[in-house]
Structures are given as C-alpha cells and as structure tokens.
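Here are my notes on the two-chain model you sent round. Have it open while you read.

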Amino acid sequence: MRGVVTAIAANTVRDAVRNRVLYILVFFAVVMIGTSVLLATLSYVERERILQDVGLSAIRFFGVAIAIFMGVGLIQREVERRTVYTILSKPVTRARFLAGKYLGLVATLWLQLAIMVAAFVGVSLVAGAPLGVGHATALGLMALELAVVVAFATLFSSFATPFLAACYSVGLYLVGHLTRDLRGIGAGSESVAVQQVTSWIHRLFPDLSALNRSIEAVHGLPIPPAEVGLAVVMGTAWCFGFLLVAVVVFERRDFR
Amino acid sequence: MERETIVRVEGLVKDFRPGFGLKKKRVLHGISFEVKRGEVFGFIGPNGAGKTTTLKVLMGLIRASAGRVELLGRDVGDSESRRQIGFAPESPYFYDFLSGREILTFYARLCDFPPERIAKRVEEVLAQVGLSHAAEARLRTYSKGMLQRIGVAQALVHDPGVLFLDEPMSGLDPVGRKEIRDLIMRLNAEGKTVFMNTHILSDVEMICDRVAIIVNGRIAYQGELEAFHGDRKLYDVTLSSLPADFAEEVESRLGAPLAGRGDRVVLRVPEKEMHELVQSALARGARLEEVVRHREHLEDLFLRMVEAEQPGGQA
C-alpha cells in the first residue's frame, strides 16, 4: 500500500528533475542570492542583515514560484496527458494517487530548497554574516510553508485548469500573508461587524505569516519555541485539510 | 457447468453535463451485458456509440449515473476490483522520459507485485510483446506500434486474469495488427479473459467468441458470434441471359438495381423466395449459374443494427 504512494512520489520527482524550467528558476534564485552580496555593498550599515534579508526573500520568492508553477499542473497535466488512465485502472485509489503526487512534488521542492539554502549559507559564510538556530528555524518553517502552498495548489489543480489554479493559488498565498494584518486592523476598528469579519477571515484562511520568521532570523531576535510549535501544528493541519478536500473533489471527477 | 461471470453490467446509465448550467445528456441508456471467464468478448459499435465510456466506467475512471457494474464480483468503485485486471487504453500515453523497462517496473510496483519478482516479470513481458530489444530506449523514441505494444505490456505486467483492451489494433499496420491479434489469441489460450473494444470487425470475427453491439448508447445485439449466422437464411442466386422485362420485374420486387458483371446478375434472396424466383427465371428463359448459401458477416449485422437505430430506421 505504502509502496504505491512511494512509487508515484518517486516518479513525480523523476519527472520534475527532468524539467529544464525548474533548473532555470533555481539558477536565477542562486544568482539572486549571490547578488545579495553586491546589494549589501551599497549600504554602509547592516551589510550582513541586508545580505541575508535579500537571500531569504529570494529563497521564499523562487520557492513559492516553483511550488505554484509545479503544483497547479500536478494533477491536470496527468489528466491531459492521459497518464492517469493507466494508473487509476490499477488497484490504486485516487487518494493514494494524489498523496503520491503531492509527496513527490514536496520532495522535489525541498531538494531545490536545499540547493538554495546551500547557496545562502555559502554566501553568508563568505560575507561573514552570522548563522544560527534562528536561520534554521526560519528555513524549516519556509519548507513547511512550501508544503502548504503545494497542498492548496494541488487542491486547485484537482478541478481547475492550470491558469485558473495559478490565479487561485497566487490569490490564496497573498491573502494568507495578509490575514494577520487584516485582523490587526479590524481589531482597531470601532465597528463590531468589522472586528468579527476580519477575525473570521483570519480563521478561515491559512495564516501563512505564522510561517515567516525571516525578520527574526536576520535580526537575531528570539523565536519562541511555543510559537514555532503552534505554527508547525497549524501548517501540518492546513496541508492535511487542503489535501482532504482535494481528495473529495478528485474522487468525484470523471475522466472523459 | 456455468462459467464464472467476470464482468456484470446491469442497467448502466451515464449522463454527462456538456457544460456548467447546461442540461445533462444521456450517453448510456441502461445497458446490460455479461462477460464469462475465458471468453474473448468483442464490444463493438460506431464512433460515439458509448464503447469507451462503458470501458471507462468499468475501469473506475468515470462514475456510473445509475446501474450496477461489477468486476469479479466486486463493485467497480472498489479499487481492489482492479487487482486482477489489466487495461490497455487506446493510443496510450506514458511518461516518455522513462524507458520501456522503467515504465513496466513502475506499473508492477503500482500493483503491489512482489518486489523480488518484478525484474524477472518485466523481462518476460517485454519478450512477450517483442520489445526486449528496446527495453533501454526512452518511450519518446518509440513508434506508434511500439507504444501500443508497451500499452499491452503494462496491462500484463502483474499477470492479471482479465484484460481490457480499448481499440488495440487502432493505427497499426497489417503486420502490427496480426502481432496483437496473435498475442490476444495466445493470452486467451493461456486462460485469460479478454474484453476488447473495437470497430475493426474483421479482427472481431477472427478472435472473438461473443460480441455486444452498442449503438447510440444502447445494446443493439449481443450473443455468440456463431449464433447470428443462422438467424436469417439468405441465398446468392447467380443468373445469366436474363430477359430485360424479367430483370425489371425482379428489380422492382427487390426494390434495388440488380448487381452483377456482364451477362450475369447476382440476387440475394431469402430462402422462402428463392425457389419461386429460380422457377420463374428458368421459365422466362434465364440460365441458372449458381445458388450459394450466403454467410452473413459481422459487418452485415453491424450495419443492420446501426441502420435500425438511426432516426427513421427499423428498430
């Protein structure tokens, strides 16, 4: 049973590593991390922080771009290429197929994340910028954020065209990073209705800013373990939640 | 002894909605048929009749709107029902970055085939479909015929007892068609049940035991291939030196122009009319050349069924 999911995941990784567009994106990410050294030289103060800020932002930007780019076509491409016919006609449930595809893409993204992190660590060491537990925590939460992004991109890919799925995914990602601020703004409002609406938006959508600890890492600020733990629990729950809905949608689908 | 029922379809209905907010369109109108163990079953019909839709329901790729569909006694919604079956779709698409050997290994793993036996089984199947020489080549370099064969190979890799083939000879040259036909007959001789979707009737006549003809989403005929030959006794009567007035008379009686070459004409007539026609022809000075029992081909039956289902046809 586990062999089926592993076989599909391994094949997804193999498919992805043959995609040249990914290499180009990773290459640009590494170049961007490298150029953070140049950007840092433009400033007389806090050079190391600028370098790491640009580096972590580049990793996040390219990581999310690759996650959405790959995630939105994850299922739809299989349907269009009709490879799904021969797979689902085997004793493979749709849930296992989806799980295998999802895990394969997450593994691919984490592989690419490792390459970008290696470049970031290299540049930081060369520039003499400090590296510590805060950086490891921020990068770990970033890995979880990518898994959440792939989960909702997979959900959208299970019923929408890649273009629409990309629009939904980008929209949800942006909303996910704004809900905490929105709740803060709402809390300052005198209107109870505004307070409740912004509070519900924050509860309904994934709070992706909980997984963004780059500022603390770059500025050497403490990251409370309890907050990290809560973020990990919530991030994992969002992954399962999105995948569960994706399975329900995918189960009902006809492959005409 | 009654043979085990491998495929049971009862009152299968499938409706599709052409688009959001549009009215549903019924493509399968409560069809029913059964396939028994050891048969080569031909599921035939014109394009758009519902063959592939039926097959996709059987494979769990499309959900039935109503009716009962079982494979080996299990509902098709249960993925375990597909453990003992192999499916080769029409014009199969595969991960073309994989080699023939890699793709078969992948499919064997999907079927939970014992890992220690996978390598040996893959080589056996590659040899069975004549692709051992191309085992290392990437699928993107394969010809259409080779892809068709790798499609059959992936259906066989876990050694299933039942095979579902969607247009297995589609797009193949005569040599490729014969190879696939021989393979199907060999597999059937080994005890495998074969369900074949096709519209190449000559292949059906050569290898199928039973057929079902589907037209406009309804089963128009089903039975053993041999059975329909005896349904209507027809004779081909060859006459020569037919007087012009008698020829006109016969034409109007048959409602069609007489077919033939030179002086000879061939009339296809039912048995009950044959004697009277021959006697009148001889009485009018015609010469009787030949009387042959006409063996109706599947194509004749198929065309009759299709015509009968057309608007205005005789149902």
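The points below go through each chain, then the contact between them, then one helix pair.

1. Some housekeeping. This is a predicted model, in which local features need pLDDT of at least 70 and side-chain atom pairs count only at pLDDT 80 or more, while totals for chains, interfaces and linings use all residues. Residues are numbered from 1 along each chain as its sequence is written, and chains are lettered from A and ligands numbered from 1 in the order in which they are written.

2. Chain A is a helical affair: 11 helices and zero strands. Helices here are DSSP runs of H or I with at least four residues, strands are runs of E with at least two, and both are numbered from the N terminus.

3. What about the dimensions of chain A? Its C-alpha trace spans about 65 × 50 × 30 Å along the principal axes. The radius of gyration is 20 Å, which agrees with the value near 18 Å for a compact globule of 256 residues. That radius is taken over C-alpha atoms, and the globule rule is 2.2 Å times the number of residues to the power 0.38.

4. On burial, 43% of the 256 residues in chain A are buried. A residue counts as buried if 20 or more other C-beta atoms, placed from the backbone, lie within 10 Å of its own. Of the chain A contacts with a separation of 6 or more, 81% join residues 24 or more positions apart; a contact needs C-beta atoms, placed from the backbone, within 7 Å.

5. Chain B mixes its elements, with nine helices and 13 strands. Its C-alpha trace spans about 80 × 50 × 45 Å along the principal axes. Buried residues come to 36% of its 315, and 69% of its contacts with a separation of 6 or more are between residues 24 or more positions apart.

6. Now to where the chains meet: 24 residues of chain B and 21 residues of chain A take part. Helix α2 (residues 100-110) of chain B gives the largest share of chain B's side, four residues. That side has 14 nonpolar, three polar and seven charged residues. For the classes, Ala, Val, Leu, Ile, Met, Phe, Trp, Tyr, Cys and Pro are nonpolar, Asp, Glu, Lys and Arg are charged, and the others, Gly among them, are polar.

7. Last, look at α3 (residues 47-71) and α8 (residues 162-187) of chain A, whose axes come within 9 Å and cross at roughly 145°. Those axes are lines fitted to C-alpha atoms over the stretch in contact, with angles running from 0 to 180 degrees between N-to-C directions. V64(A), I68(A) and G71(A) of α3(A) meet A166(A), S169(A), V170(A) and Y173(A) of α8(A). By class, this contact has five nonpolar, two polar and no charged residues.

Definitions and conventions. Buried ≥ 20, exposed ≤ 12 C-beta atoms within 10 Å, placed from the backbone. Contact = placed C-beta atoms within 7 Å.
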